[in-house]
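Please look at the sequence and the structure shown below before reading on. The report that follows takes up helices, a sheet and two loop residues in turn.

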Amino acid sequence: MRIILFTLWTVGLLQAQSIQQLIDQSIKKHPSLQTIQHRLLAMDERIEESQNFSNPDLSFTINDIQFDNPSDRGLEPMQFNAVNFKQKFPWFGKLDARKTFTKAQKSLIVDSYEVAKITLAKEIRMTSYTMKELEERIRIVNRYKVVAKQNIELYTSYASTENKSHTSMMAASLMLAKIKIKYERYTMILKNQQAKLKYLVQRDVSTISDPLMIKRPKSLESYLSKSQNNLNYHMKLSEQNIADANKVIQELSVTPDPYLNVGYFNRREYPDYASVTVGVSLPLYGSEKHNAEAARMEALAAASASLDYRSSLESEITVMYAKLTEAYHIYDIIQNESLPQLDHMIELSQSGIQSGGDLFAYTNLLEQKLDLEEQRISIKAEYLRTQAQLKSLIGEI
């Protein structure tokens, strides 16, 4: 029997995967990331297209159709058939400006891809830690379920000799009912989290190998020093680059693009001839200047937005770090102060029961220990979830 149990345990360990392994696998095949990858490929085509001239105009003209004799095209010199070709040429620097603008747009999509990876990794970590927390809670309540049943049997045996035993047995039964309710609630929440993790990693996950272990947090300065790696901040900078590139395009649009129109004219009874026209559109109404000024304001707004986000990011890291250290200190109090004191009180209560002590007080102490053990698990998971959020804020997968 032991060999079978050891074999099953070993197989379970082999099948278990770490959170980092789940993240790496998900990044390779998650549909949300593949969507952005396709958009990046589309941007490569747009960059190439940005260097093309606008499409030329090609027209065919039949001039001077006489209603008395529409088919006769040799009545006078004004009767001709013509083919016209018109091409607009972008003014110097406009093609380069368009390419810079399109590249800036692609950079924003690249940043959004990195943000999506960071967000996916954060969600996998937080969901995994929540699952581990629920599994630990279920393990604890199952252990206390056994203890509560044993206490009911113990209190039943005292019922014939102690008047207080009935009250103590009722307290133990109530504790058992509370434990069963917790078990059902934790089991339901665990199933929901497993379904969420299945979507995040695109497959079923049976076991996560990472234990719920915490270490003393790093310094706040170590997080703040990496704030420039935040991918949302990079997106703000990319948006600023797009606004700057658009400003250049709008400033260049004040200078109109020249066009060339070449025509070939065919006449039946008279010599053929050609015509050449060079022209520009006249910016008489100042629309281009208004657009250029609006683009300049938008560029200034984008620059201010990036500075504001950088400032708010440092504040968010500081707040999240305070939450991290709070969780660590609470865990230290529960682990090294509250639980040892409660264990000592339970030992004294157990000794008292053997000499006729209060069974009700013993049940109350067990309930307090159950709550403390759950709080310890909860605060460890909260510490790790907060740490995952800090990782995402400094751009770490």
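Helices H2 and H3 are oblique to each other, because the angle between them is about 45° and angles that are neither roughly parallel, roughly antiparallel nor roughly perpendicular count as oblique. The model in which this is seen is a predicted one. Helix H2 covers residues 19-29, and its axis lies 6 Å from that of H3 where the two pack. On the side of H2 the contact is made by Ser26, Ile27, Lys28 and Lys29, while H3 contributes Pro31, Leu33 and Gln34.

Helix H3 itself can be checked for its length. With 19 residues (31-49) and 1.5 Å a residue, H3 should span 27 Å, and this agrees with its end C-alpha atoms, which are 27 Å apart.

Which residues of H3 are buried? They are Leu33, Ile36, Leu40, Met43 and Ile47. These five residues lie on the same side of H3, because they cover an arc of only 55° around the axis. In general, an α-helix has 3.6 residues a turn, so residues three or four places apart point the same way. The face of H3 that is turned away from this buried side carries His38, Leu41, Glu45 and Glu48, which are exposed.

The model also holds an open sheet of four strands, in which the order is S1-S2-S3-S4 and the pairing is antiparallel. Strands S1 (57-63) and S4 (273-280) are the edge strands, since each of them pairs on one side only. Ignoring direction, neighbouring strands of this sheet are turned by 20° against each other on average. Strand S3, which runs over residues 258-266, pairs with S4 in the antiparallel sense over eight bridges, and Asn261 has Thr277 in S4 as its bridge partner. Strands of a sheet pair, in general, through backbone hydrogen bonds.

Two loop residues remain to be described. Most residues other than glycine have a negative phi, whereas Asp64 has a positive value and Gln202 likewise has a positive value. Asp64 lies in the loop between S1 and strand S2 (80-88), and Gln202 is found in the loop between helix H5 (165-201) and helix H6 (220-224). The table sets out their values.

| Residue | Phi | Relative accessibility |
|---|---|---|
| Asp64 | Asp64: near 60° | Asp64: 21% |
| Gln202 | Gln202: near 65° | Gln202: 34% |

Asp64 counts as partly exposed because its relative accessibility is 21%, and Gln202 counts as partly exposed because its relative accessibility is 34%.

Key:
Residues numbered from 1 in each chain as written. Predicted model: local features only at pLDDT ≥ 70, side-chain atom pairs only at ≥ 80, totals over all residues. Heavy atoms only, no water. Expected span 1.5 Å × (residues − 1). Buried < 20%, exposed > 50% of the residue type's maximum accessible area, 1.4 Å probe, protein only. Arc of directions from axis to C-beta. Pairing = 2+ DSSP bridges. Axes fitted to C-alpha atoms, helices over the stretch in contact; angles between N-to-C directions. Parallel < 35°, antiparallel > 145°, perpendicular 65-115°, else oblique. Contact = heavy atoms within 4.5 Å.
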